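User: I would like to go through some labels used for this structure and ask what stands behind each of them.

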Amino acid sequence: MTTASMPEFPAGFRWGVSTSAYQIEGATGADGRGPSIWDTFAHTPGRIADGSTGDVACDHYHRYAEDVALLAGLGVSAYRFSIAWPRVQPTGTGAADAAGLDFYDRLVDELLRHDVDPVATLFHWDLPQSLQDAGGWLARDTAARFAEYADLVAARLGDRVRLWITLNEPFIHMSLGHGMGVHAPGQVLLFGAFPVAHHQLLAHGLAVSALRARSASPVAIANNYSPVRVLGDSDADRAAGVAYDALHNRLFTDPLLGLGYPEVPGFDAGAVRAGDLDVIAAPVDVLGVNYYSPTGIRAAEADAPLPFEIVPLDGYPRTAFDWPVAPDGLRDLLVGLRGRYGDRLPPIQVTESGCAYDDVPDADGRVHDPERIAYLDGHLRAVREAIDAGVDVTGYFVWSLLDNWEWAEGFTKRFGLVHVDYATQRRTPKSSYTWLRDRIARR
Ligand code: FCB
């Protein structure tokens, strides 16, 4: 791959990497942290592919300075991490736990010392277990609790965090956590999970004003998107595609951008109260876009529980997660968001993009991951094509800095630019790290 043919990005384009608290921090009992739904879920036999937990993960809580040095070596201008709510409020309510916040204080200062912008996500799925016991995201009160938590964090870090992200992928948290039960909290409610959508969006809107009251920094949400590829050419197939698109790609974006809820099959608006949609539509400065792959959809059988069927997409290379590698999907998604929302759309930052491969060190201890280099190259070109087509994309964050604990897959999926030997916690930058470092240095 020659660097000569690589597309340029606008001046000020934000290069970053992303992580999340439960996936890397470990130290789950340190400094007064309370349990989260992911501690409970991971410790329940049969839930995680390899039976592992995030108890130790990458031990980032103790090794953050080494990890910030890796970020600095990569030359990124931003680092997206998440703050563990149960470190700040061990039971999800009440005064802040000073020691828990101290950790993020140190992390933020270490980042700034290395000229890396701290980008903080407030909720990356690790709800305090006590709030789950009180109803979790099915309970409207959780939205108010989230705004209080946002206030506590902003009071401490609001002068130094450069971009706030309220929620990570509320669609995935609703669907996998509450609809299908494969993520924490493990509920299988199918369409009964819709209040989780509304309460998360309400939490987001309330947190936007809490953050603005304490911090001058821009505010965003990070949504997961997956462009729909309809397989089959019947009217029923096309209708299934429209239904899935509304559920995955519009449910968490239309109301955010002031359009109210889209028509989604089975959607129950029972949780929506007067005034909620105005709270949810509080303007954001940036839309965070997490993209991994498109989704193949066709009409479901007549008596199936869902009105669409998800089908594998042929003709693409695949990652170790068996996800298709489809950079064209990222371009189509970005251009499609602009087409759908027009001037309502704020600038976009791609807040997650990446791939898992079974990376192993060679005899010399080096880790070669040419597939990840090809993946990143293809997706960066897709971003450039979207910019050329008139979409305002101002940043790109790779998922992830480190190999880490991949939720229900445990340690079996490696997404890092840096290989982690979980037995020794030794970090080894992969060849993709060197490639990205050189790519960024050309800016
Ligand atoms: C996203 C999550 C992130 C990571 C990647 C692979 O859905 O936000 O934590 O698990 O997938």
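User: Where is S400 found, and what is the peptide bond from W399 to S400 called?

Analyst: S400 is found in the loop between β11 (393–399) and β12 (418–421). The model is predicted, and in it the peptide bond from W399 to S400 is cis, with omega near 15°. W399 is also one of the residues around the ligand.

User: Which other peptide bond is cis, the one from A184 to P185, and where does P185 lie?

Analyst: Omega is near 5° for the bond from A184 to P185, and that bond is cis. P185 sits in the loop between α8 (170–179) and α9 (194–214).

User: What makes phi of W125 worth a remark?

Analyst: Phi of W125 is near 85°, a positive value, and W125 is a residue other than glycine. W125 belongs to the loop between β3 (117–123) and α6 (129–133).

User: Why is W125 called buried?

Analyst: Buried means a relative accessible area under 20%. W125 has 4%, so W125 is buried. W125 is also among the residues around the ligand.

User: What is the phi of A27, and why does A27 count as buried?

Analyst: A27 has a positive phi of about 50° although it is not a glycine. Its place is the loop between α1 (21–24) and α2 (37–42). The relative accessible area of A27 is 12%, which is under 20%, so A27 is buried.

User: Which residues are around the ligand, and what makes a residue count as near?

Analyst: A residue counts if one of its heavy atoms lies within 4 Å of the ligand. The residues around the ligand are Q23, H124, W125, N168, E169, Y292, E352, W399, E406, W407 and F415. By class, this shell has 5 nonpolar, 3 polar and 3 charged residues.

User: How do you know that Q23, H124 and E406 make polar contacts with the ligand?

Analyst: The cut-off for such a pair of N or O atoms is 3.5 Å. A polar side-chain atom of Q23 is 2.8 Å from an oxygen atom of the ligand. For H124, an N or O atom in the side chain is 2.8 Å from a ligand oxygen. E406 has a polar side-chain atom 2.8 Å from an oxygen atom of the ligand. Each value of 2.8 Å is within 3.5 Å, so these pairs are polar contacts. Taken alone, the ligand exposes 290 Å², and the protein buries 95% of that. The space taken by the ligand is the largest pocket.

User: Why is N168 called buried, and which side chain does it contact?

Analyst: N168 lies in strand β4 (residues 163–168). Its relative accessible area is 0%, under the limit of 20%, so N168 is buried. The side chains of N168 and R80 are joined by a polar contact of 2.8 Å.

User: Why do P255 and I387 count as buried?

Analyst: P255 has a relative accessible area of 1%, and I387 has 15%. Both values are under 20%, so both residues are buried. P255 lies in the loop between α10 (235–250) and α11 (276–280), whereas I387 lies in helix α13 (residues 370–388).

User: How many residues along the chain separate P255 from M6, and I387 from P218?

Analyst: P255 and M6 are 249 residues apart along the chain, and their C-alpha atoms are separated by 37 Å. I387 and P218 are 169 residues apart in sequence and 21 Å apart in space, C-alpha to C-alpha.

Definitions and conventions:
Residues are numbered from 1 along each chain as its sequence is written. This is a predicted model: local features need pLDDT of at least 70, side-chain atom pairs count only at pLDDT 80 or more; totals for chains, interfaces and linings use all residues. Side-chain values use heavy atoms; hydrogens and water are left out. A polar contact is a pair of N or O atoms within 3.5 Å; within protein, one must be able to donate a hydrogen and the other to accept it, and residues adjacent in sequence count only if both atoms are side-chain atoms. Accessible areas come from the Shrake-Rupley method with a 1.4 Å probe; for residues, only the protein chains shown count as cover. On a 1 Å grid over the protein atoms alone, a cavity is a set of points where a 1.4 Å probe fits but cannot get out, and a pocket is an open set with protein on both sides within 12 Å along at least five of seven lines; lining residues have an atom within 4 Å of a point. A molecule sits in a cavity or pocket if more than half of its atoms lie within 2 Å of its grid points. Ala, Val, Leu, Ile, Met, Phe, Trp, Tyr, Cys and Pro count as nonpolar, Asp, Glu, Lys and Arg as charged, and the others, Gly among them, as polar. Helices (H or I, at least four residues) and strands (E, at least two) are DSSP runs, numbered from the N terminus. Buried means under 20% relative accessible area, exposed over 50%, partly exposed in between (1.4 Å probe, protein chains only).
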